[in-house]
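Visitor: Hi, I have a structure I'd like to get to know. Could you walk me through it?

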Amino acid sequence: MHWDAEGYRKNQQFVAKYGTALLEDVPECDAILDVGCGTGVLTKQLCRKATFVRGIDQSAAMVRVAKSQFPNLDITVGDILQYHDAHRYDVVFSNAVFHWISRRQQGQLLAKVHQLLKQQGLLVAEFGGAYNIDQIYQAFVSVLKTYAIKSKLHFYFPDPRTYQKLLIQQGFLIKKLNHYYRPTPLENGYHGLPSWLAQFFEADLVQLPEAQQTEIIQKTCDKLMPKLWDGTSWVADYWRLQVVAQKK
Ligand code: BEZ
């Protein structure tokens with residue numbers, strides 16, 4: 001997917017804001033790797049917890065924005081699935097990223113995290129869990145149907161039991177596994193949901209003429225208005241899976 005990094009920095013600030021709570025699960029330690037660090041807002045905050053902090057992100061555009069905001073941070077372009085690093089970390093941290101990795105590749109992801117951790121090191125992560133954005137996605141799919149367009153969910157939102165099994169299979173001891181509903185106000189008033197849909201359902205929309213994209217987004221918003229509009233903001237139906245797991 002193509003990331004509009006500057007748009008993300010301006011309109012999706014809530015992502016890092018909510019990630020701040022996750023920092024409470026990060027102990028003070030020597031070394032932390034921030035996987036999918038985006039524009040670096042949480043990477044910067046992690047520097048209060050460790051002497052060595054490194055961020056990686058697959059998007060070169062995001063890394064450019066991160067480096068311009070925080071020139072002293074150690075941030076590089078990297079795909080966690082292919083990532084090599086001589087360092088071993090006390091904590092691998094990740095906020096709002098794991099749901100971008102397919103079900104098929106989750107084992108590989110957790111094996112890589114396991115390899116990067118020191119003995120007894122911690123994975124501290126939060127991402128979309130079961131039911132995440134169900135209402136948004138169902139509304140979008142039902143509008144696409146009226147245009148005879150099929151859609152496939154491009155994210156992985158696991159239920160806690162499934163993820164628990166995966167973690168155990170990859171050699172982790174579960175310290176915390178919390179699945180919870182976190183209704184999330186989007187920024188930018190009415191434009192919050194249209195821009196969210198345009199950015200995150202880009203894979204389905206990009207192949208369509210621009211006028212049709214606009215129409216589909218508008219109809220999806222109309223359907224969601226009675227459910228997710230609170231009079232001032234759109235409130236996205238986010239469900240989170242919060243994980244703290246220790247390398248055995
Ligand atoms: C999320 O953070 O839950 C999310 C963000 C973008 C697309 C889908 C889910």
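Guide: Gladly, and one term will help at the start: a residue counts as buried when its relative accessible area is under 20%, and as exposed when that area is over 50%. A salt bridge, in turn, is a side-chain nitrogen of Lys or Arg within 4 Å of a carboxyl oxygen of Asp or Glu. Please keep in mind that this is a predicted model.

Visitor: Okay, let's use those terms. How far from K112 is the nearest side chain of opposite charge?

Guide: That side chain belongs to D79 and is 9.1 Å away, so K112, although buried, has no salt bridge.

Visitor: And where does K112 lie?

Guide: K112 is part of helix α5, which covers residues 106–116. If its neighbours within four places in sequence are left aside, K112 is in contact with I80, L81, Y83 and H84.

Visitor: New topic: strand β1. Is it mostly covered or mostly open?

Guide: Strand β1, made up of residues 29–35, is mostly covered, since six of its seven residues are buried.

Visitor: Which strands is β1 joined to?

Guide: One of them is β2, residues 50–57, which runs parallel to β1 and is joined to it by six bridges. Within that pairing, D34 stands opposite G55 of β2. Between these two strands the chain passes through helix α3, residues 41–46, and the resulting β-α-β crossover is right-handed. Strand β4, residues 89–95, is also parallel to β1, with three bridges joining the two, and there the bridge partner of I32 is V91.

Visitor: What does UniProt list for this chain?

Guide: An unreviewed UniProt entry lists "domain: Methyltransferase" for residues 32–121. In the model, that stretch of chain is 30% helix and 31% strand, and its end C-alpha atoms are 10 Å apart.

Visitor: Back to charges. How many salt bridges are there in the whole structure?

Guide: A search of the whole structure finds six salt bridges. One of them is between K176 and D25, where the closest N and O atoms are 3.0 Å apart. That pair links distant parts of the chain, 151 residues apart, with K176 in strand β6 (residues 172–181) and D25 in the loop between α2 (13–19) and β1.

Visitor: Are K176 and D25 buried or partly exposed?

Guide: K176 is partly exposed, with a relative accessible area of 28%, and D25 is partly exposed as well, at 21%.

Visitor: Which residue does D30 form a salt bridge with?

Guide: D30 forms a salt bridge with K118, and the closest N and O atoms of the pair are 4.0 Å apart. This pair, too, links distant parts of the chain, because D30 is in strand β1 while K118 is in strand β5 (residues 117–128), 88 residues apart. D30 counts as partly exposed at 48% relative accessibility, and K118 is partly exposed with a relative accessible area of 28%.

Visitor: What about R182, which residue is its partner?

Guide: R182 forms a salt bridge with E126, with the closest N and O atoms 3.3 Å apart. R182 is in the loop between β6 and β7 (184–185), E126 is in strand β5, and the two are 56 residues apart. R182 counts as buried at 10% relative accessibility, and E126 is buried with a relative accessible area of 2%.

Visitor: Last one: which residues are joined into one network by salt bridges that share partners?

Guide: Those are D30, D90 and K118.

Technical notes. Residues are numbered from 1 along each chain as its sequence is written. This is a predicted model: local features need pLDDT of at least 70, side-chain atom pairs count only at pLDDT 80 or more; totals for chains, interfaces and linings use all residues. Side-chain values use heavy atoms; hydrogens and water are left out. Helices (H or I, at least four residues) and strands (E, at least two) are DSSP runs, numbered from the N terminus. Buried means under 20% relative accessible area, exposed over 50%, partly exposed in between (1.4 Å probe, protein chains only). Lys and Arg count as positive and Asp and Glu as negative; His and the chain ends are not counted. Contact means heavy atoms within 4.5 Å. Two strands pair if DSSP finds at least two bridges between them. A crossover is right-handed if, with the strands pointing away from the viewer, the path from the first strand over the helix to the second runs clockwise. UniProt positions are given in the numbering used here, feature names are shortened, and annotations may be inferred rather than shown by experiment.
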